[in-house]
Amino acid sequence: MRTKILFFLLFIVSVFYFSINAQEKEANLENKVKEVQKYLKQNDIPAWLLYDFRGINPIAVVFLGLKGLKTRRWYYLIKAEGEPVALVHKIEEQGFKNIPGKIIPYVSWEEQREKLKELLS
């Protein structure tokens with residue numbers, strides 16, 4: 001399983017890390033998600049959880065094409081099948097309006113933990 005995860009991370013970096021331009025990134029995000037889902041299915045990986053807090057994960061930020069520094073924790077779950085789901089702080093919800101999938105806002109850290117637990121179950 002570790003090898004599959006390592007190859008998956010290399011796949012993501014090689015295919016999605018380098019950006020083309022803003023319009024193409026936005027147009028291609030849905031295709032990126034579909035490619036990730038295809039890879040997850042082919043390799044029996046149930047999901048990929050992207051996470052960031054204050055820019056510590058540039059792969060996640062570049063993958064989603066997010067603009068500006070997000071100061072609250074956010075999560076983006078891509079399951080092998082189905083619609084992706086973003087868990088984001090209410091005050092930063094607007095910054096995620098162009099990503100595909102459902103957006104679930106949270107306000108408190110307790111609510112964040114609760115909703116993240118539900119999301120991952």
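This is a short tour of a predicted model, from the whole chain down to two charged pairs.

**Whole chain.** Start with a cartoon view of the protein chain. Look for 4 helices and 4 strands. Trace the chain along its sequence and the order reads α-α-β-α-β-β-β-α.

**Surface and core.** Now switch on a surface. The protein chain exposes about 7,700 Å². Carbon and sulfur atoms supply 55% of that area. Colour by burial next: of the 121 residues, 35% count as buried.

**Contacts.** Bring up a contact map if your viewer has one. Take the contacts between residues at least 6 apart in sequence. Of these, 49% join residues at least 24 apart.

**Salt bridges.** Side chains of opposite charge can pair when their charged atoms come close. How many salt bridges does the count give here? The count comes to 2.

**First stop: Lys90 and Glu93.** Select both and show sticks. Lys90 forms a salt bridge with Glu93, and their closest N and O atoms are 3.3 Å apart. Are these residues buried or exposed? Lys90 is partly exposed, at 48% relative accessible area. Glu93 also counts as partly exposed, at 23%.

**Second stop: Glu111 and Lys115.** Move to helix α4, residues 109-120. Both Glu111 and Lys115 sit in this helix, 4 residues apart, about one turn. They form a salt bridge, with the closest N and O atoms 2.9 Å apart. Check the accessibility of each partner. Glu111 is partly exposed, with a relative accessible area of 25%. Lys115 is partly exposed too, at 23%. Each of these two values falls between the 20% limit for buried and the 50% limit for exposed, so both residues are classed as partly exposed.

How values were computed:
Residues numbered from 1 in each chain as written. Predicted model: local features only at pLDDT ≥ 70, side-chain atom pairs only at ≥ 80, totals over all residues. Heavy atoms only, no water. Helix = DSSP H or I, 4+ residues; strand = E, 2+ residues; numbered from the N terminus. Buried < 20%, exposed > 50% of the residue type's maximum accessible area, 1.4 Å probe, protein only. Contact = heavy atoms within 4.5 Å. Areas by Shrake-Rupley, 256 points an atom, 1.4 Å probe, with all protein chains shown as cover. Salt bridge = Lys/Arg side-chain N within 4 Å of Asp/Glu carboxyl O.
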